[in-house]
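Thank you for asking me to look over this structure with you. My comments follow as numbered points, to be read with the sequence and the coordinates at hand.

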Amino acid sequence: MHAQPDQFPLSRRGFLAASAAAGTLLGLTADPAWARTRPRPFGRYGSPAARRDPRTLYVHPAGVGDFTTVRDAVAAATGSGYTLVIAPGVYRQTVAVDPGRASMTWIGASEDPCDVVIVYDNAAGTPKPGGGTHGTTGSATTTVQADGFTARWITFANDWLRADHPDVTGTQAVALKVQGDRSAFHHCRFLGHQDTLYADSMALGTVARQYFGHCYAEGDVDFVFGRATAVFDRCHFRTLSRTELAGAPYGFVFAPSTAGAGPLGYLVTRSRVSSEAPDGYYKLARPWVPSSDPTARPMLTVRDTWLGPGIDAVAPYANMSDSHPWQNQRFAEYRNTGPGAVVHVPGNRPQLSRAQARAHTREACLGDWRPYA
C-alpha cells in the first residue's frame with residue numbers, strides 16, 4: 001500500500017512560533033501548571049506510590065515523580081532493564097545513555113510526543129567550557145549507546161538556529177544520536193535543522209539495527225544520516241524552508257554512511273516526504289563517505305513511499321564529494337508515488353526489480369529482531 005500525504009504534526013518552526021506567543025521557548029515552561037494539577041500525570045503507567053516494579057522510575061518537572069530531570073533518572077538507573085515514565089514537560093538538558101544501561105525504555109506518559117520534549121541547543125561549532133568546540137557528535141541533545149533501547153511518544157529536539165549565531169561555521173546540531181543495536185523508536189519526533197537524527201553504530205564493523213515506526217523527522221541538511229542498519233517504517237520526513245538561501249538546493253533528506261562491508265543500510269518504507277520549501281528545492285539523498293571510513297558504500301532504499309513536490313524529481317541525488325559519486329553507491333527506489341517520485345531521467349533514479357525488492361524489507365534488515373510485532 002502506497003503511503004499518502006496527510007496532516008503533519010506541529011513542526012519545529014511551528015513549535016517555536018507558538019512559543020513566542022506563550023512567552024516561552026517551546027510553548028511550555030519547565031514546570032507547566034497543568035502538569036502540576038493533572039490528577040494522573042503518569043497516565044496509565046502507575047506512579048511512585050503505585051510503582052509497577054522496582055526498575056520503573058518516574059520523571060516529573062514539578063517534583064511529583066522520583067526525579068525532576070531525565071538526566072538524573074538515567075544516572076540512577078544503574079544496570080539494565082529500567083523503564084523511565086516521563087510526565088509532560090520540556091526537559092532542557094543533554095542526556096546520555098551509556099552501554100552499561102542496556103534494555104532501557106522511555107515512555108512519554110501522555111502517549112502524545114508533543115507533550116514530552118527533551119531539547120538543548122548545542123551545535124558542532126558551539127564552544128565547550130574547557131576549550132574547543134563540541135563537534136557534530138558532541139552537539140547531540142540525547143545520545144544513546146546502549147543496546148536494546150526503546151522510546152515511545154517522546155520528542156527529541158535541538159533548537160540551535162543558524163540565524164542566532166552568524167559567526168558559527170559548524171552548524172550541525174543533532175537532536176538524537178543513537179548507536180546501539182536493537183534500538184526502537186515508536187511515535188517519536190526528531191526536530192532540528194542540520195543533522196537532526198544521527199542513526200549510527202558504535203564502531204566501524206559493529207552492526208546496529210534500529211527501527212523507527214510511525215515517527216516524524218524534520219530538518220534541512222542531511223537531517224537523517226549515519227552508519228546504522230535502520231528501518232524507517234510509516235514515518236514522515238519534512239523538509240524546512242531556508243529563506244537565507246537564494247536558490248536550490250536547500251538540503252538533503254538522507255545521508256547514509258554505510259560501511260563497505262555492511263550488507264544493509266537505510267530502508268525507508270511506507271513513508272512520506274513533505275516540504276515547506278518551494279517545489280524541487282530538496283534532494284532526496286547524498287552519500288556520506290567520512291574521512292574515518294573512505295571505503296564506505298552508503299546504502300539507501302526508498303520504497304512504497306510518497307515523495308512530495310519538494311523533492312527534485314529530475315535529479316533527486318547529489319554528491320557530497322565528487323571523489324565518491326552517488327552512482328557508485330547503493331541507492332535504489334521501488335514503487336514510490338507522488339510528484340517527487342516521477343521518473344524524468346531513468347539514469348538518475350535506480351529502480352529495484354520485483355525480485356530485488358524482496359531483499360529490501362524490514363524483515364531482511366532486522367533479522368530475528370521484531371520490534372514491530
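1. I begin with one pair of residues: glycine 251 stands opposite tyrosine 282, which belongs to strand 22. The two strands concerned, strand 19 and strand 22 (residues 282-285), pair in the parallel sense, and three bridges connect them. Please keep in mind throughout that this is a predicted model.

2. Strand 19 also has a partner in strand 16 (residues 224-226), again in the parallel sense and over three bridges. Here the bridge partner of glycine 226 is proline 256 in strand 19. Is strand 19 buried or exposed? Six of its six residues are buried, so strand 19 is largely enclosed by the rest of the structure.

3. Before going further, it is worth asking how much confidence the predictor places in the model. The protein has a mean pLDDT of 92, and 90% of its residues reach 70 or more. There are, however, stretches to treat with care: over residues 3-9 the pLDDT stays under 50, and the model has 17 contacts beyond four places in sequence for them. Over residues 16-37 the pLDDT likewise stays under 50, and for this stretch the model has 34 contacts beyond four places in sequence. Where pLDDT is low, the predicted coordinates should not be read in detail, and I would ask you to read those contacts with that caution.

4. In which order do the 10 strands of the open sheet stand? The order is 1-2-5-8-11-14-17-20-23-25, with parallel pairing. Strand 1 (56-59) and strand 25 (330-334) stand at the edges and have a single partner strand each, so one side of each is left without a neighbour in the sheet. On average, and with direction ignored, neighbouring strands of this sheet are turned by 10° against each other.

5. Strand 5 is a useful place to study this sheet in detail. On one side of the comparison, strand 2 (residues 83-86) pairs with strand 5 in the parallel sense over four bridges, and the bridge partner of leucine 84 is tryptophan 106 in strand 5. Strand 5 is also joined by three bridges to strand 8 (residues 150-152), and these two run parallel; threonine 105 stands opposite threonine 150 in strand 8.

6. Which way do the residues of strand 5 point? Thr105 and Ile107 point one way, Trp106 and Gly108 point the other way, and all are buried. In a regular strand the side chains alternate between the two faces of the sheet.

7. Further along the order of the 10 strands, strand 17 (residues 229-233) and strand 20 (residues 266-269) pair in the parallel sense over four bridges. Alanine 230 stands opposite tyrosine 266 in strand 20.

8. Another open sheet is formed by eight strands in the order 3-6-9-12-15-18-21-24, and the pairing is parallel. At its edges are strand 3 (89-92) and strand 24 (306-307), each of which pairs on one side only. Within this sheet, four bridges join strand 6 to strand 9 (residues 155-158), and the two run parallel; tyrosine 120 stands opposite asparagine 158 in strand 9.

9. Some loops deserve a look at their backbone. Glutamate 111, in the loop between strand 5 (105-108) and strand 6 (116-120), has a phi near 65°, which is a positive value in a residue other than glycine. Its relative accessible area is 30%, and glutamate 111 is therefore partly exposed. Histidine 187, in the loop between strand 11 (183-186) and strand 12 (189-191), also has a positive phi, of about 55°, although it is not a glycine. With 36% relative accessibility, histidine 187 counts as partly exposed.

10. The loop between strand 18 (236-239) and strand 19 (251-256) contains proline 249. A cis peptide bond, with omega about -5°, joins alanine 248 and proline 249.

11. Finally, how many disulfides does a search of the whole structure find? The search finds zero disulfides. Cysteine 215 is in none, and the nearest cysteine sulfur, that of cysteine 235, is 4.8 Å away. Cysteine 215 counts as buried because its relative accessibility is 5%, under the cut-off of 20%. Cysteine 365 counts as buried too, at 9% relative accessibility.

Technical notes:
Residues numbered from 1 in each chain as written. Predicted model: local features only at pLDDT ≥ 70, side-chain atom pairs only at ≥ 80, totals over all residues. Heavy atoms only, no water. Pairing = 2+ DSSP bridges. Axes fitted to C-alpha atoms, helices over the stretch in contact; angles between N-to-C directions. Disulfide = S-S within 2.5 Å. Buried < 20%, exposed > 50% of the residue type's maximum accessible area, 1.4 Å probe, protein only. pLDDT = per-residue confidence, 0-100. Contact = heavy atoms within 4.5 Å.
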